[in-house]
Structure formats: C-alpha cells, structure tokens
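Thanks, everyone, for making the time. I would like to walk through one model with you, beginning with a lysine and then moving on to charged pairs.

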Amino acid sequence: MKKVSVIIPCYNATKWLPKCFLTLVSQTIGMSELELIFVDDASTDDGATYAMLQEFERAYPEQILVIYLEKNMRQGGARNIALQYASGEYIAFVDSDDWIEEVLYEKAYLKAKEKDADIVQFNYNYYFDNVGIVCNKNEMKDEYIEIKCADDRKNMLIMEKFTYGCWNKLYKRSMVINANTAFAENVIYEEPLFVYPLLFYANKLVKMSDKLYIYRQNNYGTMRNDMKAVETLFQHAQVQLMVWEFMKNT
C-alpha cells in the first residue's frame with residue numbers, strides 16, 4: 001500500500017501542469033510511497049492536456065494513473081471518479097494550477113502516523129502571477145484535537161478550527177470509505193459536501209502551522225470566472241442543502 005494517494009483534476013491545464021507535476025515527483029517522501037491519480041476532465045484543448053498526462057504516466061508507470069473523462073464533470077465529479085481508484089493509506093488533493101512544497105507529504109504523513117490522525121490540515125500561501133508568492137496572514141498554530149465526546153466535536157466546529165477546502169488536508173482513506181462521503185458534481189462549490197461530513201467522522205485531528213501548499217490566484221481559474229455568475233449563488237445554496245440532507249441521513 002502506498003502511503004499517500006494524490007488526486008489531481010485537470011482541465012485545459014498544460015500551462016500549469018509541468019510546475020505541479022515537478023513538485024509532486026520531487027516529494028521527499030519518495031515517489032515509491034506515492035500514488036498520483038490525474039483526471040483529464042474532458043479538456044477542450046485538442047488532446048494537449050491528455051497527451052501531457054500520458055507522458056507523465058510513461059515516466060512513472062508504477063506510480064501514476066491517468067483517467068480520461070468523456071464528459072466534463074467539474075472538479076467534484078473528477079475527484080469522485082479518482083477516489084474509486086485511490087488505494088493509499090491517506091488521500092490528498094492538489095489542483096492542477098497549484099503546487100506544493102517538496103516536504104509536504106513527508107511532514108504531513110509523519111504527523112498523521114504520530115497521532116494516528118484521521119485528518120491533518122496544513123497551512124498554505126498564495127501565488128499571484130503579477131507579484132509571485134504572497135504570505136498567507138492567517139497563521140495557524142500546531143494543534144492536536146482528540147474527540148472523546150459530543151461536546152468536544154461541538155466545540156471544534158463552533159471554533160471553526162478546520163476549513164471546508166479539500167486541498168489543504170490529508171485524509172485517512174479508511175475514514176473516507178466509512179463515511180461514504182463524496183464531492184458535489186457539476187457545480188462550483190463542491191468541496192463542503194466532501195469535507196464537512198468528515199469532521200463528524202474524524203476523532204483525531206491535527207493542525208500544522210507549516211505553509212506547505214501554494215494556492216494560485218489567477219484570472220483564468222474556475223473560481224475567478226464562474227463565481228461572478230448568478231447561478232453560482234444558487235449552487236452555494238444547493239450544496240448547503242445537500243450537506244444538510246447527508247448529515248440528516250447519516
């Protein structure tokens with residue numbers, strides 16, 4: 001079993017993929033300990049993204065799996081497909097236009113094993129094309145939280161110690177399977193439906209102050225373009241309702 005399965009949804013991503021790829025294969029934990037699952041989400045760039053991903057797969061046939069989707073499912077759907085193939089002890093997510101520090105998975109995995117953690121959340125910095133890396137001013141303290149009763153979980157949630165983004169975390173795969181959680185599909189606001197229910201299944205959680213993920217802010221990204229659309233506001237409400245329904249039936 002690999003230590004970490006990393007899921008990377010891709011859509012017309014040839015501009016950013018090389019940087020993302022290089023930081024993944026340079027991880028100090030070692031490629032032998034990683035399973036990289038790239039999903040081409042029906043890119044419309046005449047096969048350029050898929051061809052690049054195939055090159056990656058040929059370079060690391062034992063560590064890289066490439067999945068091609070005939071129909072675009074947005075990031076949520078692409079991640080759901082990849083989750084069906086993930087076999088690592090822990091699961092992580094990286095967006096194709098972002099990249100990571102080379103020590104990310106070594107540090108996060110060691111912390112996860114030290115505490116037998118269900119979720120490890122690490123910090124991140126921003127990247128802007130016109131200025132470069134910008135330090136995230138939202139500092140996080142190293143913290144270990146063990147849920148022993150309902151009040152412990154209530155306090156954790158009220159204090160909002162964990163975000164609802166998926167990419168700044170490591171998740172124990174056995175917990176994800178047990179929770180049977182998944183991303184919302186064909187919408188922008190897909191992550192809470194996956195992340196929020198896991199906060200009710202996780203009993204050992206770790207926060208790391210280390211800023212190990214580089215979150216690109218660009219004018220071409222899905223969020224920047226689509227968040228302006230009126231229908232996105234309805235998608236927010238739709239996903240919140242889906243989260244409520246999932247939790248109500250759990």
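Let me start with a definition: a polar contact here is a pair of N or O atoms within 3.5 Å, where, within protein, one atom must be able to donate a hydrogen and the other to accept it, and where residues adjacent in sequence count only if both atoms are side-chain atoms. This is a predicted model, in which local features need pLDDT of at least 70 and side-chain atom pairs count only at pLDDT 80 or more, while totals for chains, interfaces and linings use all residues. Residues are numbered from 1 along each chain as its sequence is written, and side-chain values use heavy atoms, with hydrogens and water left out.

The lysine is K169, in strand β9, residues 169-172; strands are DSSP runs of E of at least two residues, helices are runs of H or I of at least four, and both are numbered from the N terminus. What does the side chain of K169 reach? It reaches the backbone oxygen of G165 at 2.6 Å, and a polar contact of 3.2 Å joins it to the side chain of Q121. K169 is buried, buried meaning under 20% relative accessible area, exposed over 50% and partly exposed in between, with a 1.4 Å probe and protein chains only. K169 nevertheless has no salt bridge, and the nearest side chain of opposite charge, E191, is 7.1 Å away; for charge, Lys and Arg count as positive and Asp and Glu as negative, with His and the chain ends not counted.

A salt bridge is a side-chain nitrogen of Lys or Arg within 4 Å of a carboxyl oxygen of Asp or Glu, and by this rule the count comes to 11. One of them pairs D210 with K107 at 2.9 Å, N to O. Because D210 lies in strand β10 (residues 204-217) and K107 in helix α4 (residues 104-115), this pair ties together parts that are 103 residues apart in sequence. D210 is partly exposed at 24% relative accessible area, and K107 is partly exposed at 37%.

Back in strand β9, K172 meets D118 in a salt bridge of 3.8 Å, N to O. D118 lies in the loop between α4 and β6, so the pair ties together parts 54 residues apart in sequence. Here K172 counts as buried at 14% relative accessibility, and D118 is buried at 11%.
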